[in-house]
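I opened the notebook today to record what I looked up in this structure, entry by entry. I began with one covered element and then worked outwards to its surroundings and to the other chains.

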Amino acid sequence: MVRYILRRLLQVIPVFLGTTLLVYYMVFALPGDPISALFGDRQPPQSVIDTLRSQYHLDQPFWVQYGIFLQNLFTFNLGNDFTGQPIAATLARVFPVTAMLAVEALIIQAVFGVAFGVFAGLRRGSWFDSTVLVASLVVIAVPTFVLGFVFQLVFGVQLGWAKPTVGANADWGNLLLPAVVLGLVSFAYVLRLTRASVSESMNADYVRTATAKGLSRPRVVLAHILRNSLIPVVTYLGANLGGLMGGAIVTEGIFNVPGVGNKLYQAVLRSEGPTIVSIVSVLVLVFVVANLIVDLLYAWLDPRIRYDQ
Amino acid sequence: MTNKNSHFVAPIEETPLLATDTLKTDQAPLSLWADAWRKLRRRPLFIISALLILALVVVALFPGLFSSVAPNEGCELANSEGGPTAGHPFGFTFQGCDIYSRVIHGTQASLSVGVLAVLCVLIVGVTFGALAGFYGGWLDIVLARLGDIFFALPLILGALVITQLPVFRQNKSVWTVVLVIAVLAWPQMARITRGAVIEVRNADFVTAARALGVSKFSALVRHVLPNALAPVIVLATLELGVFIVAEATLSFLGIGLPEGIMSWGHDIAAAQSSIRTKPEILLYPAAALSITVLSFIMLGDAVRDALDPKSRQR
Amino acid sequence: MRFTRTSKALGIVAVAALALTGCGAGGGSNNGASQSGGDPNKIITAYNNEPQHPLLPANTNEAYGSHVVELLFEGLRTYDPSGKPVNALADSIESSDAQNWTIKVKQGTKFTNGEPVTAKSFVDSWNYAANSKSLQANGFFFESIAGYDDVSAVTTEKSADGKTTTTPAPKADTMSGLAAPDDSTITVKLSQPEADWSLRLGYSAYFPLPSAALADPKTYGENPVGNGPYKFAKTGAWVHDQSISLVKNADYSGPREAKNGGVTFKFYTDPGPAYTDLQSDNLDVTDVLPSNALKTYVTDFPDRNAAKPVATDATLNIPPYNPNFQGEAGKLRRQALSYAINREEITKVVFNGTRKPAQAFAPPVIEGFKGDLAGSEVLKFDPAKAKDLWAQAEKIKPYDGSKPLQIASNTDGGHKEWIDAVANGFKNNLGIQAEIQPFAKFAEVLNLRKSQSLPGLTRAGWQADYPSLYNFLGPVWATGASSNYEQYSNPEFDKLLKEGLAAKSTGDANDKFNKAQEILFKDLPGLPLWDYTVPIVWSNNVVKAETGWNGAILYYNITAK
């Protein structure tokens, strides 16, 4: 087991190199000079632009730029972004905020999605099942920018239950409203995945056996049906954690959350290669670890699954 | 059958089998898919959803049959956010275009984006996921990590770069958007498939099939995959809707469909201008999207049921 | 906007060269005097976004940084709400020949770190800003001073593959025309006489810096120390991507004394959430409204809104390199396009009256503005005339309509709505296909414009650096001017501008500038669209807010309830 985990962690290295290379190249391929864009409509003298370009190595060929990035990385120096701010400080600021948001959203979608999904799956075709289907349709068909806006207006402005925006006060309470909005779309996925697995497991032999043995209904549902239905759900949640950490551009924008998504979006629009690659580097680590946890959970959920082959 | 002690079950004459459990010895057993199809075509859920989808396809192919008003023509600002009038049952958009006509004519692009993107994601995602999950080892490592790399790409960066490729720069089309979505969304599908395949690959019936001499690959295709499809179908049907909405976001940022191609995504994005004054404008394209997603969810449900031998109805 | 070398030959370049977007939030103290019942110690919150550069006045050329810098510093002069300069730290500014200037600096004022503000503070700061090695975006503000060329010198290298690179190579550290003979006197020698050179002394590039700033500009830019009506609340008051907190500078006495205890700028990447925050009194004032709130802000904020015309306009530029719009046929088509835009209706429906249809190439708030210039009838909506002109052009040379006429714009600035409306106008009235050419990144549009490769038209806008007619013409339409990206060129137009700059009186100058506009109306290198007003709203926590001549909120004048 330990060997398996170690082997998986070692795989971080090629993934990391692959991702950073790809992302760095993508930024490099974007048209438009990021330095002159920094000054907008009002361009400074060309010497200012040229000097800044060479300060940030933008006048170098791609491989040199990427090499400098890697070299800096190994000395734990992420450098500065084009506005002169240290990137490491930016990462330290945005990741905790988004991590809180992601965890909160993940809990919301996992708890409600699984609970509703189990009920819907146990009572397929009931009014509850149909209501839940319609609700998840609404969530899918209404884009986040509308959903977020409506929630903000209703709960933030009209009812005053929560602060409409987060801004500098990112704590669990203030992040609840964006977390709900963020969790809603994935909630539909979790719900329908759970529902499908549960209705499938319900007819499985081991469930019939358990029921025949006289086990109580809750015990059958929790220990037998649910546990065996969780693999797709866990897979989805694991993948989704990565997505949430990558930042929900729209949701973070609507609620003015100073997190990864907002920063990444700004950085992409400004072609700030170093910032983008640094953020993505952290994300890759998150993905790899999340995936590893998911794979370990498989073995726990279904003892037939083994990795030490 | 003379020695009664050699049987623990009652003789067949004493416990007649129900019709469904009787093995018909006079004909060859149906294949999994033929069996599924036989079950499927009798289910009302399937019939309703198939009809709905058929209707959508007809609208997508022949929008002119349903709307006499040319879309995107004669948009007069004087009609901005106007209510329904004769010949314009849904009223007018912010720009004063006929909403009904736009929704009808937007079906083609939206349906194409949704269906094509889901198909691409299914082809790549299911293939990679199934191979990785079933064979494990190095194949799993390579494919899963490849997925990680693509998963880490920020959507907007990927979209910006892909739409900047020389091929697409001047002629963006439905395929540009499909490509963007497919490139960035396949790892999710691959991971779900991989998880489901890992779960099924150790099942008794797979071991049995292998023991009977079925090759590893055909065990995967004929026994493992069909039993791992449930989460794949759920994900695919939901993604259909999510992708159509994703087109809205991309178009809104200027990296989606060109203006000349009408789509629900364009309309949903444009309705943002009216959200404080006339939110109804948003409802029509969103409703069209909901109906589409609903039909595919129902279809997915029906197909999944038909494929699952355990959940047959008694 | 930066001026090219050629412009230096012109007479009074001064005003045009000034590039601040948020400059001149000055004066107006008498306007707010009637506000009463406020709490002078309460801190107000205001909409802003992360400044793009460290907070050095001469390097701040965008609105977000300007909002802060304007409050942290006080210059020799400042501007009242109508844009008129008034003396602040200057006791007197004199010159007998318009070339040699003597400025007397008020004595006894201090930076908030205790360092006195003297003539030397100014001279050192200006020399620093002008030095090409300092990389200050607004260093060219000093180009009229003798010796600027040496301090700002650069070398240009051409590499093997034909790319040119410019590197700073100053030949001197100080401008020869600039001196501080004693603590209260600055003497300035210009390279040539410029009658209204002193007008620019209120711009932020001319703010004084304490000596610590020059020793380590980068560290200083994070925690600037100034001499203005406000100061940083504490070291580290700039929380990146979140906020900047300013508190009242009790030692300040001048025309812009703070009527509140401080201003906290909250950062928003989008004006939508700021608007929602204002609706629930979580934010006190904003000068940027989301475009979908233009129709509702008056009802959402009854008695808590204001809209004032400002010196900003918008045009639709037609690149001279587009074959469809060249020659005699092109001229007719440019006119046809202009006649096909219903400015009245678009400003009413799309902007809900927050923009006014353009009457010329400059807005009416500018002194010398004339609304009935020869040729300005093309700004009227006249579909019949548009069709007719288009048909005439067709007879000369057929229009290549193989691709729709595209209007390039970035998508993040709320431009899509009006561009769609303009495109629909072209479709309905000229029978051609037209659509927005959207770009997610502003840099891409800039890139296409700079490299002369726009496939169609582009939107353009101009915000005045200084309220002058010339400022709307020179930097945008003169041959080789820095913001003349489409490279329009007409020698007759250039000549009139030159004559205007050399004119003896403002009236004479404006006559020449208006004549120059008539040439623009003939050539139509761009179609004037509309002039801006800046609508602002404020919360229940404050008494009232107002904007200055350039649309910047007068933060110091806001009283909390």
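**Entry 1: a covered helix in chain C**

I started from the cover over helix 8 of chain C, and found that what lies over its buried residues includes helix 10 (383-396), helix 11 (416-430) and strand 20 (526-538) of chain C. I note at once that this is a predicted model, and I read everything below with that in mind.

How many of the 13 residues of helix 8 of chain C are buried? I counted ten, so I wrote the helix down as mostly covered, taking a residue as buried when 20 or more other C-beta atoms lie within 10 Å of its own. The buried set consists of Ala329(C), Gly330(C), Leu332(C), Arg333(C), Arg334(C), Gln335(C), Ala336(C), Leu337(C), Ser338(C) and Tyr339(C).

I then checked the length of this helix, residues 327-339, against expectation: at 1.5 Å a residue its 13 residues should span 18 Å, and the end C-alpha atoms lie 19 Å apart, which agrees.

**Entry 2: Leu289(C)**

Next I turned to a loop residue, Leu289(C), which sits between strand 14 (285-286) and helix 7 (297-300) of chain C. Is Leu289(C) buried or exposed? I recorded it as buried, because 26 other C-beta atoms lie within 10 Å and the cut-off for buried is 20 or more.

Leaving aside residues up to four places away in sequence, I listed Pro271(C), Tyr275(C), Leu294(C), Tyr297(C) and Pro535(C) as the residues that Leu289(C) touches. I also looked at Asp270(C), which is 19 residues from Leu289(C) along the chain, and the two C-alpha atoms are separated by 9.4 Å.

**Entry 3: a four-stranded sheet in chain C**

I traced an open sheet of four strands in chain C, with the order 4-5-9-8 and antiparallel pairing. Its edges are strand 4 (90-95) and strand 8 (178-182) of chain C, each of which pairs on one side only. Neighbouring strands of the sheet are turned against each other by 20° on average, with direction ignored.

Within the sheet I followed strand 5 (residues 100-105) and strand 9 (residues 185-189) of chain C, which run antiparallel and are joined by five bridges. For Ile103(C), I found the bridge partner in strand 9 of chain C to be Ile186(C).

I then asked which strands helix 2 (residues 119-130) of chain C lies across. They are strand 5, strand 8 and strand 9 of chain C, and the helix runs at about 165° to strand 8 of chain C.

**Entry 4: chain A**

Moving to chain A, I found 14 helices and zero strands. The C-alpha trace of chain A spans about 85 × 60 × 30 Å along its principal axes, and 53% of its 309 residues are buried. Of the contacts in chain A between residues at least 6 apart in sequence, 75% join residues at least 24 apart.

I picked one helix pair for a closer look: helix 6 (residues 87-122) and helix 9 (residues 176-201) of chain A pack at an angle of about 35°, with their axes 6 Å apart. The crossing of helix 6 with helix 9 of chain A is right-handed, and the residues of their contact divide into 19 nonpolar, eight polar and two charged.

**Entry 5: chain B**

In chain B I found eleven helices and zero strands, and buried residues make up 53% of its 314 residues. Of the contacts in chain B with a separation of 6 or more, 70% are between residues 24 or more positions apart.

**Entry 6: where the chains meet**

For chains A and B, I noted that the contact takes 53 residues from chain A and 45 from chain B. On the chain B side, helix 9 of chain B gives the largest share, ten residues, and the classes on that side are 28 nonpolar, ten polar and seven charged.

For chains A and C, 43 residues of chain A are in contact with 43 residues of chain C. Helix 4 of chain A gives the largest share of the chain A side, six residues, and by class that side has 17 nonpolar, 20 polar and six charged residues.

Key: Residues are numbered from 1 along each chain as its sequence is written. Chains are lettered from A and ligands numbered from 1 in the order in which they are written. This is a predicted model: local features need pLDDT of at least 70, side-chain atom pairs count only at pLDDT 80 or more; totals for chains, interfaces and linings use all residues. Axes are lines fitted to C-alpha atoms, for helices over the stretch in contact, and angles run from 0 to 180 degrees between N-to-C directions. Helices (H or I, at least four residues) and strands (E, at least two) are DSSP runs, numbered from the N terminus. A crossing is left-handed if the near helix is turned anticlockwise from the far one by less than a right angle, and right-handed if clockwise. Ala, Val, Leu, Ile, Met, Phe, Trp, Tyr, Cys and Pro count as nonpolar, Asp, Glu, Lys and Arg as charged, and the others, Gly among them, as polar. Two residues are in contact if their C-beta atoms, placed from the backbone, lie within 7 Å. The expected span of a helix is 1.5 Å times one less than its number of residues. A residue is buried if 20 or more other C-beta atoms lie within 10 Å of its own, exposed if 12 or fewer, and partly exposed in between; C-beta atoms are placed from the backbone. Two strands pair if DSSP finds at least two bridges between them.
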